[in-house]
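Work through the exercises below with the structure in view. Try each task before reading its solution.

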Amino acid sequence: MVRRLLALLAAALLMLRPALATDPYAFFEWDVSYVTAAPLGVKQQASWPFFSARPYFQAYASRRAGSNENLLAQVIGINGKFPGPVVNVTTNWNVVVNVLNDLDEPLLITWNGIQHRKNCWQDGVLGTNCPIPSGWNWTYEFQVKDQIGSFFYFPSTGLQRAGGGYGGVIVNNRDVIAVPFGRPDGDITILIGDWYNKNHTDLRKMLDSGKDLGMPDGVLINGKGPYRYNDSLVPAGIEYETFNVHPGRTYRIRVHNVGTSTSLNFRIQGHNMLLVETEGSYTTQQNYTNLDVHVGQSYSFLVTTDQNASSDYYVVASARMVNESQWRRVTGVAVLRYSNSGAPASGPLPDPPQDQNDRTFSMNQARSVRWNLSAGAARPNPQGSFRYSSINVTQAYLLRSTAPVSVAGGRRRATLNGISFAPPETPLRLADAYGVKSVYTLDFPDRPPRRGAPPRVARSVINGTYRGFMELIFQNNDTRMQSYHMDGYAFFVVGMDYGEWTEDSRGTYNKGDGVARSTIQVYPGAWAAVLVSLDNVGIWNVRSENLDSWYLGQEVYVRVVNPEDNSNKTEMTIPDNALYCGQLHKYQKEQTPHHKMGLSSAAVAGRSSSMACRLVAAAMLLLGAVLFAS
């Protein structure tokens, strides 16, 4: 009760801010906790206390129900739900999310694709933020400045995304900005991803001990297991997702791969999918019967329900870039159900791409995703008015990744250019603000080391030039698929091909309509090149979206500083509620863990509630007076 009243007070006071008075606020209060669930087994009713000293969860509990074994997982939920709620806002809105960490370990939430203009303090990764301790709360406050599109959020530390805690983000166009298609009849968020029955803490132990995670146990669609399309592959009793639609209508479907490390092919039986947007950019509009969605990527399609509805239709997400005959069970299946459907879905699934002997199919599909040059996005001017090909590159980095290797001390690590990033105890941006030395170095190499050079663990950072134009080439010398993400920016995808990148590869670049996005796939034995305009001051994470590679150190930060800004015009100041850790721990004010409240606190809580009511009432009166006067 007290927390809700104080949140209302905060909302009222925030609304009084003159600097952002014209832009609306959206407020969310999230309790992030463990819930007991069985996405790949018979569902059980969870029973767990929100406010226990340590969250209750039952890992690996099993019980027979007929011929099925219940696989109870330590799943991360938000407000008791898995997946978490969809954040639905509009361009330039201010988003305030009060996160209550009811896990038994530290937590950060990051916002995949949200750029946090001038405000890397809200990015939710260890290079910029101290994690929220167990039992504490922290409030994110950021503006979705000049953005539209489809994104998602997730917990960013310690493989927690493998345990859930994720959800969709929708940033709608303002009414004054034209959208390059008619208003859909509905908007559907679909979260797909591979899933392990092991808890994320056990997956961490596997990686720490030098093991691979191995094949996942399945694929979830919106946190649910597969529809029983095959009795031998799918046991009875699994809860599956159903998308209810009406005939003759058009729906916008936003698809996000939130999984651990598996690329997935997405398709809807009997329906074309008209691609219209990816990660904040409107695309040229073209139909696909299926599309590969790699880890960390987001797409949105228009789907028209124009079939005869003699039965329900399969919605499928199946593993790609693997031996698909061995990975048949790693398939997510949901159901698209018309309101006049005649029967349940049955029969074989729609075929995936038949390209086992054609490694160019998926890459050509990726190359076909192009920028819509004539459409506006967050602003009325066309996207294509930014002609990236006319800008001179000021910095270029060739980032080579390889399979995990052993480093000094015998630990297995993943690298970029021979360097495995070691997460700092003191966040890099916080260290800069307080003049703490020796937290990191600005000597990240712009080219890979010579063959055979020993890998090393370091906190080496790319020194970006403010308002420079950077070229990043990702060279994947691993044998499996990778995808890479950059926080704070959208980059232009200008090229990809198999083999080793060379200077001559620039001659193949797309110089006109390379799509702007924040996550790029890199095929095994191939490269991908992107261009990015460094106009957003801060320290920004570049990472492998494959959680195992990221956990093992395959990331780097780009530091972008405006040396002429002494008045915070190009970067916001440290937020008043900043958390402090590492060498700056002395500045941190202690919180009383909210999930350890005892009976002795009842009287204090009652007095606090009364005081909070009076404060809220006073704030509302003040707000009313200000609005009336204006």
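**Exercise 1: An open sheet**

Task: Find the order of the strands in the open sheet of 5 strands, and say how they pair.

Solution. This is a predicted model. Trace the sheet from one side to the other: the order is β22-β28-β33-β30-β31. The sheet is open and its pairing is mixed. Now look at the edges. They are β22 (395-401) and β31 (516-517), each paired on one side only. Next, take the pair β28 (residues 469-476) and β33. These strands run antiparallel and are joined by 8 bridges. One residue to locate is Met-470, whose bridge partner in β33 is Val-532. Finally, find what lies across the sheet strands β30 (491-498) and β33: helix α3 (residues 360-367). The helix runs at about 160 degrees to β30.

**Exercise 2: A covered strand**

Task: Decide whether the residues of strand β29 (residues 482-486) are buried or exposed, then find its partners.

Solution. Check the residues of β29: 5 of 5 are buried. Then sort them by face. Gln-482, Tyr-484 and Met-486 lie on one side, with Ser-483 and His-485 on the other. Both faces are covered. Now turn to the partners. Strand β32 (residues 519-522) runs antiparallel to β29, with 4 bridges between them. Strand β34 (residues 538-544) is also antiparallel to β29, joined by 3 bridges. Use Tyr-484 as a marker. This residue stands opposite Ile-520 in β32 and opposite Ser-544 in β34.

**Exercise 3: Two cores**

Task: Which residues have the most contacts inside the largest nonpolar core, and which strand gives this core its largest share?

Solution. Start with the core itself, which has 82 residues. Those with the most contacts inside it are Ile-190, Ile-192, Phe-266, Phe-474, Met-486 and Ile-520. Strand β33 (residues 526-533) supplies the largest share, 7 residues. Then check the domains: domain 2 (178-384) and domain 3 (388-561) each give at least three residues to this core. Zoom in on Ile-192. Leaving out residues up to four places away in sequence, its contacts include Leu-220, Val-255, Phe-266 and Ala-317. Another core, of 68 residues, lies apart from the largest one. Among its members are Phe-82, Val-99, Ile-109 and Phe-421.

**Exercise 4: The whole chain**

Task: How many helices and strands does the chain have, and what share of its residues is buried?

Solution. Count the elements: 6 helices and 35 strands. Of the 630 residues, 57% are buried. Last, take the surface. The accessible area is about 26100 Å², and 51% of it belongs to carbon and sulfur atoms.

Note on methods:
Residues numbered from 1 in each chain as written. Predicted model: local features only at pLDDT ≥ 70, side-chain atom pairs only at ≥ 80, totals over all residues. Heavy atoms only, no water. Core = buried A, V, L, I, M, F, W, Y, C linked by side-chain atoms within 4.5 Å. Buried < 20%, exposed > 50% of the residue type's maximum accessible area, 1.4 Å probe, protein only. Domains from an automatic or database assignment. Contact = heavy atoms within 4.5 Å. Areas by Shrake-Rupley, 256 points an atom, 1.4 Å probe, with all protein chains shown as cover. Pairing = 2+ DSSP bridges. Axes fitted to C-alpha atoms, helices over the stretch in contact; angles between N-to-C directions.
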